[in-house]
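Biologist: I should like a close look at a single part of this chain, the aromatic pairing and the strands and core around it. Please set out the geometry with the cut-offs behind each term.

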Amino acid sequence: MFAIACALASASSIASAQAQAEPTATATPATIETLPQAGIVPPTLTLNVTGSPLSANAMFAQIRSALDREIRPTLRPGASIAIGAIAPWPLVPLASGARTTVSVNVRIASDITSMPVTATTTISLYNIALVPAPPTVLFLSDDPEYLQGEGLVFQGAVTPERPARLYYYHSVIGVPRGLDIVLTAKSAARVHVIGSEAGPDLDVMSVGHAVTRDLLDLRRNVEGAIVDVLPGKPVIVRHALLLQGEVAAGAVDLHVVSGEVAVAVIASPAGGNPATYLAGPRLPFDGHNRHGTFDLAAFGDLEATFSAGGPNASVRYGERARTPRNLDPADPGRDLGDYGVLHRITFTLLNPTDVARTIYLYQKPLGGPVRSTFIVDGTMHELGCMRISQPYWVATYSLPPQSKSASTTMTMTDGGSFYPVEYGVTEIPPTPYVPPVGTADGCSPTGVAAR
């Protein structure tokens with residue numbers, strides 16, 4: 001052991017002598033400490049939300065979206081955002097008029113050109129009571145459906161007098177591309193945003209289904225956020241990076257509280273700045289004319305009367321012969337399939353007999369495989385994949401003798417599904433089994449009808 005110690009001491013002495021005899025070398029490569037930060041995490045953030053109440057899931061989604069809106073403009077090329085631990089956890093619903101504070105760990109990952117960032121931000125959430133304004137116009141952005149370049153895809157103006165819904169559905173061909181939903185304003189504006197999003201994913205039917213289901217759910221309790229938009233500072237409402245063949249879709253309801261805003265759909269290079277494309281030019285159409293600005297005020301309400309002992313009563317939606325009106329008569333764009341249209345279906349239910357009658361709500365596909373979500377008298381019913389043109393069960397009612405009542409259903413067509421469909425009331429029990437996705441009699445996980 002003594003010999004080893006002496007050897008080490010001797011080596012140390014030699015190294016010390018060499019250090020004294022030789023000049024200190026200057027380090028030429030840049031060290032990690034000299035690199036710029038990959039982005040900036042704000043230490044504090046105030047988030048105005050809405051909801052009666054705001055659910056825990058919706059609160060998490062709003063926290064994630066708010067951090068993305070705040071941090072994304074500061075990101076350097078190659079950087080990405082990851083949300084870590086949230087305290088307190090689990091989140092709990094936030095009542096209208098209430099407030100809470102949470103802390104969130106955020107990490108900004110980087111490539112070799114910048115330094116990663118890990119920080120904690122404190123978010124103060126205020127649930128503001130706000131009377132919702134249903135959209136009166138629909139912006140449809142599905143043209144070109146397959147993005148093969150970068151540029152402005154769609155742009156529309158939203159004013160306090162004209163609340164709007166943007167429904168977008170796009171896929172990518174070739175290299176990865178960013179898809180961004182961007183808000184801009186010429187003067188300070190404030191806008192109430194309720195939005196659902198899904199993808200990127202190869203399963204087109206599941207993406208379209210999730211958008212419909214989540215928007216219907218969020219609108220039930222007006223769960224959203226109030227966003228401020230300043231001149232020269234575009235707000236990215238949603239960012240997605242799509243790989244070859246993937247689809248991303250979403251529905252965004254925009255109610256301007258003050259000022260005016262423009263909403264744009266932009267395709268940009270991976271890691272690029274979508275704001276550089278706001279002034280155009282617009283990407284060329286693909287010839288299918290799935291675009292436009294449509295009138296929702298006079299479209300979407302359907303009704304029928306059913307009398308026990310009589311024939312079925314039904315309505316149809318998603319028909320090619322009946323579509324929402326394009327507000328620009330010179331624009332050939334059409335919304336075939338009613339994508340983005342919220343249908344309110346009311347059945348008047350009569351039982352003129354002296355005994356109680358059992359009746360059923362059903363859906364019957366007429367155009368091919370379809371998935372659906374219905375909110376029937378306030379209760380959500382989510383169905384699997386219907387392929388065969390037969391009635392599938394949705395809900396059951398018992399009509400008292402000599403009664404008159406009403407049933408109201410809210411629904412919206414799913415992107416990736418096939419239309420039209422029939423929705424109705426019958427006394428003949430419909431098929432109770434709706435095939436789950438991925439089964440032989442349902443739809444494949446990629447959204448293609450199983451054969």
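Modeller: The account below starts from the aromatic pair and moves outward to the loop, the strands and the core.

The model is predicted, so local features need pLDDT of at least 70 and side-chain atom pairs count only at pLDDT 80 or more, while totals for chains, interfaces and linings use all residues. Residues are numbered from 1 along each chain as its sequence is written, and side-chain values use heavy atoms, with hydrogens and water left out.

A pair of aromatic rings is described by the distance of the centres and the angle of the planes. Rings of Phe, Tyr and Trp (its six-membered ring) are paired if their centres lie within 6.5 Å; planes under 30 degrees apart are stacked, those over 60 edge-to-face, and the rest tilted. The search of the whole structure gives 6 aromatic pairs. One of them, formed by Tyr-167 and Tyr-339, is stacked, with 6.5 Å from centre to centre and 25° between the planes. Tyr-167 belongs to strand S8 (residues 164–172) and Tyr-339 to the loop between strand S17 (313–317) and S18, so the pair ties together parts 172 residues apart in sequence. Here helices (H or I, at least four residues) and strands (E, at least two) are DSSP runs, numbered from the N terminus. Ring pairs also bring in Tyr-419, which forms a cluster with Tyr-167 and Tyr-339.

Both Tyr-167 and Tyr-339 are buried, where buried means under 20% relative accessible area, exposed over 50%, and partly exposed in between (1.4 Å probe, protein chains only). The loop between S17 and S18 also holds Asp-338. This residue has a positive phi of about 60° although it is not a glycine, and at 1% relative accessibility Asp-338 counts as buried.

Strand S18 (residues 342–351) has two faces: His-343, Ile-345, Phe-347, Leu-349 and Asn-351 make up the covered one, whereas Leu-342, Arg-344, Thr-346, Thr-348 and Leu-350 make up the uncovered one. Strands are taken to pair if DSSP finds at least two bridges between them. S18 runs parallel to strand S16 (residues 301–307), to which 7 bridges join it; Thr-305 stands opposite Thr-348 of S18. With strand S23 (residues 403–412) S18 is antiparallel, and 10 bridges join the two. Within S23, Ser-403 is the bridge partner of Asn-351.

Tyr-167 also has a place in the largest nonpolar core, that is, a set of buried Ala, Val, Leu, Ile, Met, Phe, Trp, Tyr and Cys residues joined through side-chain atoms within 4.5 Å. Of its 104 residues, Ile-63, Ile-123, Leu-125, Leu-166, Tyr-167 and Tyr-423 touch the most other members. Strand S13 (residues 247–258) provides the largest share of this core, 7 residues. In soluble globular proteins, nonpolar side chains tend to be buried together.

The surroundings of Ile-123 may be listed as well. Contact means heavy atoms within 4.5 Å. With neighbours within four places in sequence left aside, Ile-123 is in contact with Leu-45, Leu-47, Ile-63, Leu-67, Thr-100, Thr-101, Val-102 and Val-104. Another core, of 6 residues, lies apart from the largest one; among them are Leu-152, Ile-236, Ala-264 and Leu-278.
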